[in-house]
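Please open the structure in your viewer and keep the selection panel at hand. The tour below goes from one selection to the next, and at each stop it says what is there.

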Amino acid sequence: MTSFFSSSHVFSSSSLHNPMLLLLLGFTIVFHVHECEAQLTTTFYDTTCPNVSTIVRDQVRQAQSSDLRILASLTRLFFHDCFANGCDGSILLDNSSTIVTEKDAAPNNNSVRGFDVIDNIKVAVENNCSGIVSCSDILAIAAEASVNLAGGPTWSVLLGRRDGTTTNLTAANNLPSPFDNVTILQQKFAAVNLTVTDLIALSGAHTFGRAQCRTFNQRLFNFSNTGNPDPSLNTTYLSALQQSCPQGGNISVLNDLDVSTPDTFDNQYYTNLQSLRGLLQTDQDLLSAASTNASTAPIVNDFAANQTTFFESFLEAMIKMGNIGVLTGSNGEIRSNCRQVNGASDMLMIEVGAKRSSSVENI
Ligand code: HEM
């Protein structure tokens, strides 16, 4: 606030009639207010919904009993929520008269999953403490539970996010792509205040879960128009991938992101990179891309050598990621249905009612 007031003497009374300056003033105030309010805490629901973490974890565990992959899918859902429009639950919103869903963005379509599990969690939470816990916080808690249930670290999740009432399809389409080079990835992470260490630690989430052939098959036969596969692929691993994803085959076939321990959250992702068994090009490039690996390879090797270092860096980066563009205080809302902004179904009823009465008038 000091910076704002110390510079305020430059405004004369006539400048207050200048619409541009007023706009700037408005932005400055909004920015500072937003800055002050953006405070998440680990104790946010301690009095209002003390069992929320247990409820979420139980639901995740229940989903896991019939679907081992769900732990990975829920972790990814949180990432895709936070990187597009901030961690505001925007990824959960379905199409409506006011919402263009992020679910149709290229990186999400036929790819992100777990929405039904989030719905179940929300119902369980609402049954315990109605109207208190945001869908965006449920995503954050579910991600932590998932990582931990798969054998990864546990941490105290910062809470107090509120749900957004908008989506951002453009941002969702611009999520990190498996065809980006490391420089672009670094830029996309830097744009949300995440460092190169955060990039490498968070990529370690590819220690579990699956990827479709279409996300890496450019490496298998004619890499960069060389007529040969990607030289940074282990030849035995390459043969297996070529069998799983033959040319002209089904590009939706699923493959383990971590070939050695596919469902365990550990540091094997990094040792895989050392033996040239990273699945996505963006994974292997962190160690092998000659133009950028001077800054990334040492970190990969560090995480490969020391799982505790990886776990610490991972949870630190998850906490940072969980702070991206959060809505707090009186911004946003606590959605009652994670798929819709509040009042959406009422609005639909009003619209239907209005249409009915106008058609009655027309008779
Ligand atoms: C660094 C940039 C990243 C890129 C380019 C990337 C790309 C991808 C791609 C292409 C897939 C497979 C999708 C499909 O085939 O449908 C995938 C899966 C996955 N990603 Fe990432 N990702 C990145 C970062 C992250 C981060 C930061 C996290 C979480 C912290 C994450 C967690 C996951 C998980 C757990 C899966 C498996 C999901 C499942 O099995 O349902 N990824 N990622």
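The stops that follow visit the ligand and then some pairs of packed helices.

Before selecting anything, keep in mind that this is a predicted model.

**Stop 1: the ligand and its shell**

Select the ligand together with the residues around it: 26 residues surround the ligand, and the closest are S73, S111, P176, A205 and G209. If you colour this shell by residue type, you should find 12 nonpolar, 10 polar and four charged residues. Now colour by domain, and you will see that domain 1 (52–173 + 323–340) and domain 2 (182–320) each give at least three residues to the shell. Which elements each supply at least two residues of the shell? They are helix 4 (70–83), helix 9 (196–203) and strand 1 (210–212), and the largest share, five residues, comes from helix 4.

**Stop 2: helix 9 and helix 14**

Keep helix 9 selected and add helix 14 (residues 307–321), whose axis comes within 8 Å of that of helix 9 and crosses it at roughly 105 degrees. The two helices, helix 9 and helix 14, are therefore roughly perpendicular to each other. To look at the contact itself, show T197, D198, A201 and L202 in helix 9, which meet F310, S313, F314, A317, K320 and M321 in helix 14. The residues of this contact of helix 9 with helix 14 comprise six nonpolar, two polar and two charged.

**Stop 3: helix 5 and helix 6**

Next, select helix 5 (residues 115–128) and helix 6 (residues 135–149), which pack at an angle of about 110 degrees with their axes 11 Å apart. That angle makes helix 5 roughly perpendicular to helix 6, and helix 5 passes helix 6 in a right-handed crossing. Show the side chains of I118, I121, K122 and V125 in helix 5, and you will find that these residues meet C135, I138, L139 and A142 in helix 6. Sorted by type, the residues of this contact of helix 5 with helix 6 are seven nonpolar, no polar and one charged.

**Stop 4: helix 3 and helix 5**

Finally, leave helix 5 selected and add helix 3 (residues 52–66), which packs with helix 5 at an angle of about 145 degrees, their axes being 9 Å apart. The crossing of helix 3 and helix 5 is right-handed. On helix 3, the contact is made by V52, I55, V56, Q59 and A63, and on helix 5 by V117, N120, I121, A124, V125 and N128. Colouring the contact of helix 3 with helix 5 by type gives eight nonpolar, three polar and no charged residues.

Notes. Residues numbered from 1 in each chain as written. Predicted model: local features only at pLDDT ≥ 70, side-chain atom pairs only at ≥ 80, totals over all residues. Axes fitted to C-alpha atoms, helices over the stretch in contact; angles between N-to-C directions. Helix = DSSP H or I, 4+ residues; strand = E, 2+ residues; numbered from the N terminus. Parallel < 35°, antiparallel > 145°, perpendicular 65-115°, else oblique. Left-handed = near helix turned anticlockwise from the far one by under 90°. Contact = placed C-beta atoms within 7 Å. Nonpolar A, V, L, I, M, F, W, Y, C, P; charged D, E, K, R; others polar. Near = placed C-beta within 6 Å. Domains from an automatic or database assignment.
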